[in-house]
Each structure stands twice: as structure tokens, then as C-alpha cells.
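Here are a few short exercises on backbone geometry, each with a worked solution. Take a look at the structure, then try each task before reading on.

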Amino acid sequence: MNKKPYYITTAIAYTSGKPHIGNTYEIVLTDAIARFRRMQGYDVRFQTGTDEHGQKIEEKAAAAGKTPKEFVDGVAAQIKGIWDLMNISYDKFIRTTDADHEIQIQKIFRKLYEQGDIYKGSYEGLYCTPCESFWTPSQLKDGKCPDCGREVKPAKEEAYFFRMSKYADRLLQYYDEHPEFITPVSRKNEMVNNFLRPGLQDLCVSRTSFKWGIPVDFDPKHVVYVWLDALSNYITGLGYDADGNSSELFKKYWPADVHVIGKDIIRFHTVYWPIFLMALGLPLPKQVFGHPWLLMGGDKMSKSRGNVIYADELVSIFGVDAVRYFVLNDMPFEGDGNITWELLCERVNTDLANTYGNLVSRTAAMARKYFDGVLRDAGAAEPVDAELKAMAAALRDKVSAKMDEFRISDALGEIFAFLRRCNKYIDETAPWLLAKDEAKKDRLSTVLYNLAEGIVMATSLLVPFLPSTAEKVFALFNTAPRAYDALAAFGLLQSGTKVADAEAHLFERRQYKDVEAAYAALHEPAKEEKAEQPAAKKHEPEYPAEISIDDFAKVRMQIAEVVACEKVKKSDKLLKSTVKVGEETRTVVSGIAKFYTPEEMVGKKVVMLTNLKPAKLCGVLSEGMLLCAEDEAGNLSLLTPEKAMKSGSGIF
């Protein structure tokens, strides 16, 4: 029987530098979907890769004293290394510098030109180098790039353009006829209202102001511009040929079942890409999933902000599967997720070490202690077993329903709800008490069999998310992953299966202070480097360059009065303060629990930054920041007014 093909892709990573954990989330997300589809019996083709051309690369290579090809070779290897570290099961890693890709891009460009979809003109506008995008003045946000917020510069050059407007009505019709094409639906509304209905501008598809790109073969002073080059990887990686001689692989897998991309590039994948495909006479992908961002402490990760964390650093502290679990579990379907060291510790300790790891180790240990490791269903069932068995039998379909909607966090939530039910079952049946009564030996054996069977069923569904951990669990229980079709039935673990003698230690509990120290150690300079550097003052802050009075005017600070305060649950560091700012009441989360008790906080008048973007910390929405001073020893002191001041008073 032939398996149904399933083609899934990530956006290809830009080779301007090392990807941070927010970038890495996408590849882990896509890997989980691909593995789950394989488990369901699909013939999966999973493609990822790197986007390697453009002005930004040319400039970075020059700054590094390398040729562009030398530069991208190094970064592409680094990206591929991180993907491999994260145990990604891709089938194809494409690079846009691959010779077969470059040849097809030239053919595609020529084909579109010859049929009149591309024409030659000139462009004058405002250009953002990091985003490699032209903008009109009306599109700017506060005079800067609307995508990244950086400076734009005037640019004028000869260019080729694609006639976007020619296909706009056809694309709108496609949206209407295929409501599942863009998910979540809010992304579709954004494309329709912000780009298609106001009228599509023709798209610049070549450049002459830099050389690092694929030359237009019939006009070689031009290079193909980023999106026509990059987006086409989804078909060139399958062996598409613009001359009509496409490979069997292309015929088998195209159109793609889903492109998994970040919400910031949804426009390119749901407007430009389908229009390119229409012009080429090719079917459109079945779905585009625009996932949200992973924020660091409520802010977008950025080297300039100094809040970037890398996957390999996290793996060195927590392990691969713990990092995979965190990014999959803590990313909502639509809204942005948040990563903090406290949250990481909480997830590892609570979900992985306690709920899952402890369940596995306790079950295996009791089987060894009471039955020399042998698991046997002795048929001594009691009513309490029914709920566990019913929940186990229903689990596969619940998880599958969530995965079909790309609600990965919810799918994991279903599995861990069942694992918590298994832990409750231990409390309900009390195996340690059953072991004291020889007459209840069959009941004890049945309880341990039920627990082992539940663990095997749950772990079989966890394979796409925690593949290495699942292997350890199956080895411990001397069994194989349960086939997808068999996961709706409870009781298939063979009686007489013997638990391995090895101890089950799946996840290590971590203390926040130890994690902080481990991360700091990763960023300490080598001893030789330290010796050459003058001793720096402890906790000396790094201030930005000089700012203007206009910059300072953007910051709003006011006097606030703390009217209530409590500790944030599951955090040793955070306090949740309820403050009054004039007539307004807000909640503020501050990392000051080491220096102030909740009782000390109530009644204080403090200085508060009141126009800071709200952010969730440990599940609590913080709507501002209380300002503190910090000495060389790291001690904090809240800033308070010298004289009695009314709540809401401004600070100038």
C-alpha cells in the first residue's frame, strides 16, 4: 500500500549570523509535525535550509575580511550544526548557493520575463538593508522600516519588476475558496486588509547596487532579488524545472502540504509566493502556518538589546529534549510565547522531572522491587482502573486533533494531563500498601502493569516531541514504540515483559541559581584573555551612546504608590505589586524579592516607568517597571521621592 505523500517546509534561515532560540523554535516545531505525520503513516518529505544571497551578506562578508561564499559557507555550517544538535529529522537541507538551485532561478526569471510578468524599469525609494526591502514614505513607521525599526536610506537604481497587480483578484478569490490556506485566520485578515484590498504594488525582483546574488542570465549586471530567489527553494529543492522537465520527486510531493514560517514573513509567503506560482502555472501550497515569536522576558530577541539566547547554550545546561519541550510547550498557537530562565527551570522541574520522569522511575523501581522487574496483567481489575484506561484509549485522537490544527502546545498538554492522571492513579491504588498484603499480590501486579502500559502509550505519542527521551523509556520497559493504529487500545503491552535493570533518570531538576551560574560560565572569557584585560568594576552598567532630549522625552516616569504586594508563585525572585498611578491601578512584576518583603512594599512611593510595553513574567502581566539603583555587590534599592509627592506625579 502506497503511503500518502506529505511535504512540509520551514522558511530557510538567513546566513547573516548564528540563529538564536527564537529562530530555532521554528525548526523544532516543524520537526515535531513531520515526525507526527510519519508516525501516522504519511510518506513525509521535510525540507529546510539557508538563504544566502543579498546586500547584507555582501557587507558582512566584507567586514569579516572574507568572500561572500566563504562567509555563507561558515554560517550555513553553523546553522546546520544547530539543526542537527536539536535532533531535526529533515530530508533535505537546501542552500540557495547550490548550483542546481541557481540554474533554476535563472530559468524561472527568464520564463516570467518572456511571458510578460517581469518587466524592466527603475526604482526610487527608501531602502532597508537588513530587511532588503524598499518602502514608500507612507509605509514607514516613525520614519523607520516598519518591519525592523531600523534606519532607511534613499536609493535609486534600474531594476526588473514583477506585475503583482495582475494576479491580486485571483489571489483574493483563492483565499475565499480555500479558507484554510492561511492559519491562524488573523494572519489572513492582515494580508487582505493591509496589502491586497488597498492595491498591490509591482515588486522589485532584481538589483544592480550589489553583486552577491544569482545573475540574470540575459542581463548580467542585474542579480535576482531576495524573495524570488529564496521562496523558489520550496520547488527547486524537489527538482522543479522551469523548462518542463521536473523530477518525479517534484511530481510526487508538490504542492506542499504546509509551509511553516514566522509571522513576520507571512506577507511574502501568502502574497508574493502564491502569485509567483500562479504565474508559473503551478498549484499553490495547501496551507501556510504563520507561527508567533518566542520573546525573551517579553521583548523580541535582539543582539542590540543583549537579550539573545542560543539553542546550543540552552542544550549545554538543560539537554536537547528539555529545550525541545520548552519551546513547543510554551508557544501559544497565535500569541507570542515567552522564555525566561525561571520558566525554563519550572518546566523542567515540574513537567519533565516530576510529572514524567518521576512517574517512569517510580513505576520501574516498584516493578523491580516487588516482581523482579516482570510486568504482568493478573486480571485483578477494580473500578478505579476504568478511568485511566478510558483516558489512555482516547489520548491518541485528542492529540491528533490538536496536531491537525498545529496546536502543538495543546497536544503536549493532552499527553501531560494523562501523565498526571497516571501519577494520581499511584496515589489512588497505593502500591506500597498493596505490597504488604500477600493476598493482594495480583492486584499489585495489575496496577504496575496498568502504569507501565499507560507510560508506553503516552511515550509513543511523545516520540515526535522528545525523541531521545522516548528511546530511553522504551529501552527501560523493553518494548518498542506503539504503532499509531494500535494506540487506541489499552492493554497491548505483553505480559511477562521485564523492566531493564538500569535506573531511569530522564531529567535533572535544576535550581535557578545554578542555571544562572552555568549560563554565566558559558560567557566568561578564557583565562588567558582575562589576564590581558584590566579588572572591571563589578556590576558596572553598560550605557548606550549619547541620546537627544527627544529620545529622553519618549520615556514616561511617574510616582506610584504600592497598595498591595505578594510573592509570585513558583518564583523566588519576583514580587507582584499592585500600584496606583494617579487614578489608575496597575500590576507590576519586579525581581526584588531578595531585597524587599511584600509587607515592606505596601505603602511605598516609588519611581515607575509607566510607558513600558506590558510583558508576562511567570504568567503574570507586568504593566510597567519599578526603578532601582544597584551597587557593586549587586544590592538593589528602590528609587523613592525625597519629599512627599502625589501618586501620578511626573518625573522630568
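## Backbone exercises

**Exercise 1.** In this predicted model, find where proline 184 sits, and work out which residue is joined to proline 184 by a cis peptide bond.

*Solution.* Start with the place: proline 184 is in the loop between strand E8 (182–183) and helix H6 (185–196). Next, check the bond before it: threonine 183 and proline 184 are joined by a cis peptide bond, with omega about -5°.

**Exercise 2.** Which residue has a cis peptide bond to proline 255, and what is omega near?

*Solution.* First locate the loop: proline 255 falls between helix H9 (248–253) and strand E12 (258–262). Then look at the bond: tryptophan 254 leads into proline 255 through a cis peptide bond, and omega is near 10°.

**Exercise 3.** Find phi of aspartate 372, then decide: is aspartate 372 buried or exposed?

*Solution.* Begin with the backbone: phi is near 55° for aspartate 372, a positive value in a residue other than glycine. Now place the residue: aspartate 372 is in the loop between helix H13 (341–371) and strand E16 (374–375). Finally, the relative accessible area of aspartate 372 is 56%, so the residue counts as exposed, the cut-off being over 50%.

**Exercise 4.** Repeat the steps for alanine 430: what is phi near, and is alanine 430 buried or exposed?

*Solution.* Phi of alanine 430 is positive, near 45°, and the residue is not glycine. Its loop lies between helix H15 (408–429) and helix H16 (431–434). With a relative accessible area of 11%, alanine 430 is therefore buried, as buried means under 20%.

Note on methods:
Residues numbered from 1 in each chain as written. Predicted model: local features only at pLDDT ≥ 70, side-chain atom pairs only at ≥ 80, totals over all residues. Heavy atoms only, no water. Helix = DSSP H or I, 4+ residues; strand = E, 2+ residues; numbered from the N terminus. Buried < 20%, exposed > 50% of the residue type's maximum accessible area, 1.4 Å probe, protein only.
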